[in-house]
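Thank you all for making the time this morning. I would like to walk you through one chain, so please have the sequence and the model open as I speak.

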Amino acid sequence: MVSTQYADGRQEKRVENYTKFWQKDLGQEGDVDNQNRVESYTDVVNGIQATTTGATELYEYGWAQSFHFSRFYKGEAFAASLARHEHYLAAQMSLRPGMRVLDVGCGVGGPAREIARFADVNIVGLNNNDFQIQRARKYTKKAGLEDQVSFAKGDFMKLSEQFGENSFDAVYAIEATVHAPTWEGVYGEIMKVLKPGGVFGVYEWCMTDTWDPSIPAHKELAHAIEFGNGIPEMRHLNKARAAMTNVGFTIEHEEDLAERPDEVPWYYPLEGDILKAQTAWDYFTVWRMSWSGKLVSHTAIKLMEMVGLLPKGTHDVGESLKVAADALVKGGQTKLFTPMYLAICRKPALSES
């Protein structure tokens, strides 16, 4: 069967097949299912992206142009929190004017533009989604940052093949490398493209030290997070740490920022309680995850799929996003999951290697 190719880059067959990578009952997931997703990671990731491509504009309206979580101060606006999270990473990496920096998994370029302004660095954003790259370039041109921020389509498992070794002063990844089939693979590629002495900073999605896969409820939670976010396999935080050192990085600083005693939790926008909105502008961000917001958005998606404006299967993937949102909140509340394990790593200098 030929897959319909949409003008914005979506492929109908890819969307329709996305949910087939998981058991209908997530409690029945086994090692074979995990291995299948790991081996087919590009199809898993592109399946969820094919759907989010169609809804990218609405997603941006609700979540700005930075597709990641962040910590909140009491009364802090959503957009301010996102920017502060990005600034914190840049500061921890000690980014300096004129550095050449790679953003691995750049989305529509929100963090790249923010960090470029904040640290006065030159950034190349990498993404494997044509539609998001188009939007990233559009927003960057509008911001007047075309000479400072550029974008390239590519596979983060083949960075050295695309950019060559020792090409960047610094590399960062914000909630992106969890989509890799192995952390050693993607971290190893990041190591290769970094110059000797270069720095790598990452906000990683992990299951925490509290998570125990031998407990059925814990394992099912991890599968629910995978299911709605196009992740081949959720892994333990200690595996991320081990992968960094295994490929040769020295970890200079690490912390799970979700463990900070914040009055406002990182997952509050997903709870759908508009009474918790920190500012008036944030009401829509919170409302879209409420029961009424979900009803409106998913009814609209179903109707658009029926009339052919969205690929077949988009509604099913949209339903998986609801599963994911609930799982992320539960993971945050139980401290079994974190979207913000921060690690600052250094590639050995020539004299050390």
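Let me begin at a single pair of residues, where I174 stands opposite Y203 in strand β5. From β4 the chain crosses through helix α9, which covers residues 183–193, to β5, and this β-α-β crossover is right-handed. I should say at once that what you are looking at is a predicted model, and I would ask you to keep that in mind throughout.

Staying with the two strands, β4 and β5, the latter spanning residues 194–207, run parallel and are joined by six bridges. Strand β4 also pairs with strand β1, residues 100–104, again in the parallel sense, here over three bridges, and within that pairing V101 stands opposite A170 of β4. Is β4 itself mostly covered or mostly open? It is mostly covered, since of the seven residues in the run 168–174, six are buried.

Now to helix α6, residues 110–119, which is likewise mostly covered, with seven of its 10 residues buried. Those buried residues are G110, P111, A112, R113, I115, A116 and A119, and you will notice that an arginine is on that list. Against which elements do they pack? Their partners are helices α5 (78–93) and α7 (130–142), together with strands β1, β2 (122–127), β3 (149–153) and β4, so that β1 and β4, which we met as a parallel pair, come back here as packing partners of α6. Just after the helix, D120 takes a positive phi of about 55 degrees.

Let me turn to the surface. A nonpolar patch of about 530 Å² is made there by L303, M304, M306, V307 and L309. One of these residues, M304, is found in helix α14, residues 291–306. Why does M304 count as partly exposed? The relative accessibility of M304 is 33%, and because the partly exposed class lies between 20% and 50%, that value places the residue there.

Finally, the chain as a whole. The secondary structure comes to 15 helices and seven strands, and of the 353 residues, 54% count as buried. Among contacts with a separation of 6 or more, 75% are made by residues 24 or more positions apart. The accessible surface comes to about 15,400 Å², and carbon and sulfur atoms account for 53% of that area.

That is where I will stop, and I am happy to take questions.

Methods:
Residues are numbered from 1 along each chain as its sequence is written. This is a predicted model: local features need pLDDT of at least 70, side-chain atom pairs count only at pLDDT 80 or more; totals for chains, interfaces and linings use all residues. Side-chain values use heavy atoms; hydrogens and water are left out. Buried means under 20% relative accessible area, exposed over 50%, partly exposed in between (1.4 Å probe, protein chains only). Helices (H or I, at least four residues) and strands (E, at least two) are DSSP runs, numbered from the N terminus. Two strands pair if DSSP finds at least two bridges between them. A crossover is right-handed if, with the strands pointing away from the viewer, the path from the first strand over the helix to the second runs clockwise. Contact means heavy atoms within 4.5 Å. Accessible areas come from the Shrake-Rupley method with a 1.4 Å probe; for residues, only the protein chains shown count as cover. Patches are made of residues with over 30% relative accessible area and no salt bridge: like charges are joined within 9 Å, nonpolar side chains (Val, Leu, Ile, Met, Phe, Trp, Tyr) within 5 Å. A salt bridge is a side-chain nitrogen of Lys or Arg within 4 Å of a carboxyl oxygen of Asp or Glu.
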